[in-house]
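Visitor: Please walk me through this model. Keep it brisk, and show the reasoning.
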Amino acid sequence: MDENKAENKPADISYGEIAQLEELIDRESLREVCRSFFDLFGLSIRVFSARGALLATVHEERSICRYVNSLNKGRVACSETVAQAQMRLPISPETVVHPCFTGAVYHIVPIIYDDRQLGRIVIGPFLPSEVTNTPPSLLNLDPQLDPERARAALSEMPRVRSQTAIRIAAHLRGILDLILFSGHRARLTSTMHLATVRENYRELSEKNASLQDAFNKLKELDRLKSNFLATVSHELRTPLTSIIGYSEMLEAGIAGEMTPEQTGFVETIRTKGELLLLLITSLLDLNKLERGQLSISTEYIDPRAVLDEVREMCVPEAEKKQVKIEAAWADDVPFIQADPVRLRQILINLVGNAVKFTPASGHVELSIRVTEIRVRTEGDEAEEDDGGFGAALMMAPERAVEFAIKDTGIGIPEAEIAKIFDAFYQVDGSSTREYGGAGLGLSIAKSLVAAHHGTIRVESRPAQGTTFFVVLPEAQPDAG
Ligand SMILES: Nc1ncnc2c1ncn2[C@@H]1O[C@H](COP(=O)(O)OP(=O)(O)OP(=O)(O)O)[C@@H](O)[C@H]1O
Ligand SMILES: [Mg+2]
């Protein structure tokens, strides 16, 4: 039977199956409907679910019921009748008439929706207009019953013609049907919505898992690459130092006099060897920086001295290209706390780039000025998610030193600026490119600046020039 089906297994609403009456119906509206029927027709109404749960009730105790209930036998008979009326299940879709010993009746109206019986409405008790006499079942009920009083009480029972009662029930069913329909539709919509959300969530979780998988694989690959790079670089460096050493000895004539042509060849071997060594050192540095293994040992240093030293180192290369290098700084530049070797490495990279990417008769200007920086300290890494902007705004500014390396060179297109700090990235990545290098300098410089709690940025205009700015915090008074 449908009833059992409803009790045993929850309806699969996503396939359009009907759920329980109590799940579909809004109890407040149901109570409202019952109340207005009671007000209109004066008839008591109770609505039960298929499981027998009372969902709504509006009723008034009738005089006859009150009187009968005051008698011993009457009380028993009354509660039996009421219980039977409420438990009685209409088998057909038609209304069932359940009689009471008083002559009154209950109409039990099945609630049917989509061919399923979801519950029932019990209307009554009321007296059918056709009943005119007080029935013997009432008069003989209890020896203590006063027939006159019973008759008077019974006459107060609402009277309805059977046909009218059937029409009232049909009307009530029609309204319930509407409520059920909208409840069903709302439930279907929300169930579908839930199903969609659940499905989307499942898809997202799957994608997330596969992304995590890919990420783990990439991380492992990256680790292998780093290991490989470290081993290979290390193994290359030892023989390379020998090659350079032996070429220097040959050049110095230790193995005997050489012809000018031989000297030229040996010089090429040495300079190419030195370039290779530089590249290998860069690779090793990058590797150490990526693994967080590069430690810096800071000293209290004068930024002007370091920049001047770097300028001197770059002058020969600049002169070869007919590029002028000039330096200018104020007198009040404070000392900074930095690793002199690493600071030199940062500046050599930047000045070297400026010279490299500036054509003949161009200028490179080096300057230092005092500025402010909002410093991020070691413990702040957790806030890195926002790119540091939110956290940086919260920090108090500190006095700092700004190095500017300005050139009148080829410039960097706007779209490339974000990428030039990536390892191995070069604006001209073609095999026929004009400028040497491996694309490591800026990436190393950026990591080294970060290790000094500083910042690096660039401003550039194609064909006009580029300026790199490195800002490092001033040395703390107690640090020197
Ligand atoms: N001053 C500059 N003017 C124009 N382009 C620049 C300048 N500095 C850097 N770039 C661009 O950024 C790229 C990356 O610079 P980076 O210093 O990292 O690598 P590189 O100089 O090519 O090689 P390496 O520094 O490893 O010898 C350069 O290849 C160049 O395209
Ligand atoms: Mg470079």
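Visitor: Is Leu221 buried or exposed in this predicted model?
Guide: The model is predicted. Leu221 has a relative accessible area of 53%. The cut-off for exposed is over 50%, so Leu221 is exposed.

Visitor: Where is the place of Leu221?
Guide: Leu221 is part of a helix. That helix covers residues 162–251. The helix is H8.

Visitor: Which residues make the nonpolar surface patch of about 300 Å²?
Guide: Joining the patch takes over 30% relative accessible area. Leu221, at 53%, passes that cut-off. The patch is made by Leu221 together with Leu218 and Leu224.

Visitor: Which side chain meets Glu199 in a salt bridge?
Guide: The partner lies three residues away, about one turn of helix H8. The N to O distance is 2.6 Å, and the cut-off is 4 Å. The partner of Glu199 is Arg202.

Visitor: Are Glu199 and Arg202 buried, partly exposed or exposed?
Guide: Glu199 has a relative accessible area of 34%. Arg202 has 37%. Partly exposed runs between 20% and 50%, so Glu199 and Arg202 are both partly exposed.

Visitor: How many residues apart in sequence are the parts that Glu251 and Arg270 tie together?
Guide: The side chains of Glu251 and Arg270 meet in a salt bridge of 2.5 Å, N to O. Glu251 lies in helix H8 and Arg270 in helix H9 (residues 260–290), so the pair ties together parts whose separation in sequence is 19 residues.

Visitor: Is Arg270 buried or exposed?
Guide: Its partner Glu251 is partly exposed at 28%. Arg270 has a relative accessible area of 16%. Buried means under 20%, so Arg270 is buried.

Visitor: Which residues do salt bridges that share partners join into one network?
Guide: The salt bridge count comes to 21. Shared partners link some residues into one network. Its members are Arg369, Glu402, Arg457 and Glu459.

Visitor: How far apart are the closest N and O atoms of Arg66 and Glu61?
Guide: Arg66 is partly exposed at 47%. Glu61 is partly exposed at 41%. They form a salt bridge, with the cut-off at 4 Å. Their closest N and O atoms are 3.8 Å apart.

Visitor: How far apart in space are Tyr67 and Leu145, C-alpha to C-alpha?
Guide: Tyr67 lies in helix H4 (residues 63–69). Tyr67 is buried, with a relative accessible area of 6%. In sequence, Tyr67 and Leu145 are 78 residues apart. In space, C-alpha to C-alpha, the distance is 9.0 Å.

Visitor: What percentage of ligand 1 does the protein bury?
Guide: Asn353 places a polar side-chain atom 2.8 Å from an oxygen atom of ligand 1. A polar backbone atom of Gly439 is also 2.8 Å from an oxygen atom of ligand 1. Thr466 has a polar side-chain atom 3.5 Å from a nitrogen atom of the ligand. Taken alone, ligand 1 exposes 600 Å², and the share buried by the protein is 92%.

Visitor: Which residues come nearest to ligand 1?
Guide: There are 20 residues around ligand 1. The nearest are Asn353, Gln426, Gly439, Leu440 and Leu442.

Visitor: How far apart are the C-alpha centres of domain 1 and domain 2?
Guide: The domain assignment gives domain 1 as 2–198, domain 2 as 211–286 and domain 3 as 296–479. The C-alpha centres of domain 1 and domain 2 are separated by 96 Å.

Technical notes:
Residues numbered from 1 in each chain as written. Chains lettered and ligands numbered in written order. Predicted model: local features only at pLDDT ≥ 70, side-chain atom pairs only at ≥ 80, totals over all residues. Heavy atoms only, no water. Patch = residues over 30% accessible without salt bridge, like charges linked within 9 Å, V, L, I, M, F, W, Y side chains within 5 Å. Areas by Shrake-Rupley, 256 points an atom, 1.4 Å probe, with all protein chains shown as cover. Helix = DSSP H or I, 4+ residues; strand = E, 2+ residues; numbered from the N terminus. Buried < 20%, exposed > 50% of the residue type's maximum accessible area, 1.4 Å probe, protein only. Near = heavy atom within 4 Å. Polar contact = N/O pair within 3.5 Å; in protein donor to acceptor, adjacent residues only side chain to side chain. Domains from an automatic or database assignment.
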